[in-house]
Amino acid sequence: MPIPPAVAKFADLHPKPAHVRFQYGTAGFRTVASVLDSVLFRVGVLAALRSKKLDGKTIGVMVTASHNPEQDNGVKLVDPRGEMLDTSWEGHATVLSNAQTTDDFINELDKFVQAAKIDLSKPARVVYGRDTRPSGASLVAALEDGFKALGAEARDAGVTTTPILHYLVRAINTKGTKDSYGDDSEEGYFLKLSAAYKKLVATRQTPSPLIIDCANGVGAPIAARLVEHLGDSMPLILENTSITTPGALNNACGADYVKTSQKLPPSLDGRLQPGQRGCSLDGDADRLMYFYLDERSQFHMLDGDKIAALVAAFVVELVKTAGLQSQVKVGVVQTAYANGASTKYLSERLPVRCVPTGVKHLHHAAEHYNIGVYFEANGHGTVLFSPATQETLRDYQPSTPAQSTALEHLRSLNQLINQTVGDALSDMLLVEVVLAHKAYSGLEWDSLYVDLPNRLVKVVVADRNQFKTEDAERQLISPPGLQQKINELVRRYDGGRSFVRPSGTEDVVRVYAEASSRAQADELAFRVGGLVYDFCGGNPTTRPKEFI
Ligand code: G16
């Protein structure tokens, strides 16, 4: 079947800008919003094709640039079980987005449809949502043209969080089956989470109020609805909720700000009291960072690694108490950004794997465990219960009251934790459950292990694509010779570790460094940053002055 003529007609309305090269990266396409119109249209077409290929299963499309600044936007596809798009389609997405003219696009599309053996007569179904970015509405209009071009049945989920969109995709595709994931509505999501949370804390004291920094993004209205569903069971104070103030999104607030600057968002100064727990979401509410101030008002960050340590220990304990330790093996997945102290702490207790950055890599690795706990240091992560483990939890007959209680908790955790992707609000409730069960304050949680001082630096280079890595991104293989120079530098620092990789969401190269003291970690990061800058022919007049 040939490509329907409507595709060319609509494609003419969304010309590709000249001299821009797009790439389906770590989390889909992501760049400055003003150049994305053609990409959104083409992603609409691709989503419809993906659905046709999968016999009309519903495919998700999320329009967001998550932690990026407000002027950026992006789009990513979600596969039928709520997981990230199959990586084998990422390359096709890149090729289609870069076809220069309508004719080139139709040609590429035709080649792809033939090669992938897509039956165009099959139905296509999609569900799509967007975050609060001002560019979202017009980009969604371009996306909708892509759906119309192939006659896809499209459901608009409106302004929502990335994890809710993932939830909806799985809920729609499992509706009425034995694997039903929940009602396919936002309301269904809130009911599922809040019911599980209330069950898990039923016998615990109501926690002290938690401050949530909503990053001035979509987390604000969604958290407000969660508050209604939780009622008195969880006092939440929402901050940074200005979703219509221009320039406010992710600006000096949010999970990425907290992680990279290792500081309290200035807007929370005087709001967060010593000893009180606070947390930050990012622009689409899929990342979570916790923090607290000690009695001297010193800021302490509890990042994705600390969340992994807290949660993994709790899950292991429940599995053991339930008497399931021989059947249910728990494992952890991290990336090279995981603090060395967290990896040490976790690997002394559990199997730990290191994979490249990007939820898709962590998610797939976590699926190999019966219960897989995965968190990136930046606060993105979740806990996966394998289908076999879910059956075990359903059928297992406990023999003591203690076993029975632990089993019930595991069942409720499986309901509370978003099984499709990292979800800041679901993760926040998970953390609160563990803190309530362990009667931990932020300080006690923080004391599980002591972080090695670390620093993350961004370097702007002419072409980040020349950076290629191996060994889960811990070694550079290109540009040639640079890794050797980094190794020489690292050797001079006590407890030093550093690696360099190109970002898949921003036009920068990221440098991570760790050392035994704060000053040394900073120095190492800035020295490696300088090395990268000089090696890549950076302009001496624009060389950042902190690059020693
Ligand atoms: C996305 C991905 C994360 C990744 C982050 C940064 O997060 O989902 O897995 O850690 O980008 O990636 P990079 O270092 O390649 O820029 P988000 O929250 O921005 O969607």
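A cavity here is a set of grid points, taken over the protein atoms alone, where a 1.4 Å probe fits but cannot get out. With that in mind, let's look at this predicted model and the space inside it.

A search of the whole structure turns up five cavities of 30 Å³ or more. The largest cavity has a volume of about 440 Å³. Its lining is made up of 31 residues, and those closest to the centre are H67, R287, T357, E376 and N378. What takes up this largest cavity? The ligand does: its space is the largest cavity.

Around the ligand there are 19 residues, of which H67, E376, S503, T505 and R510 come nearest. By character, the shell divides into ten polar, seven charged and two nonpolar residues. Where does the ligand lie with respect to domain 1 and domain 2? Both domain 1 (5-159) and domain 2 (454-547) contribute residues to the shell, so the ligand lies between them.

Several side chains place a polar atom close to an oxygen atom of the ligand, as the table shows.

| Residue | Distance from a polar side-chain atom to a ligand oxygen atom |
|---|---|
| H67 | 2.4 Å |
| S503 | 2.5 Å |
| R501 | 2.7 Å |

The ligand taken alone exposes 470 Å², and the protein buries 98% of that. H67 is a handy residue to start from when you explore the site: H67 is among the residues that come nearest to the ligand, and it is also among those closest to the centre of the largest cavity. E376 appears in both of these groups too.

Definitions and conventions
Residues numbered from 1 in each chain as written. Predicted model: local features only at pLDDT ≥ 70, side-chain atom pairs only at ≥ 80, totals over all residues. Heavy atoms only, no water. Near = heavy atom within 4 Å. Polar contact = N/O pair within 3.5 Å; in protein donor to acceptor, adjacent residues only side chain to side chain. Areas by Shrake-Rupley, 256 points an atom, 1.4 Å probe, with all protein chains shown as cover. 1 Å grid on protein atoms, 1.4 Å probe; cavity = no way out; pocket = protein on both sides within 12 Å on 5 of 7 lines; lining within 4 Å. Sits in = over half its atoms within 2 Å of the grid points. Nonpolar A, V, L, I, M, F, W, Y, C, P; charged D, E, K, R; others polar. Domains from an automatic or database assignment. Points joined across faces, edges and corners; volume = space filled by probe spheres on them.
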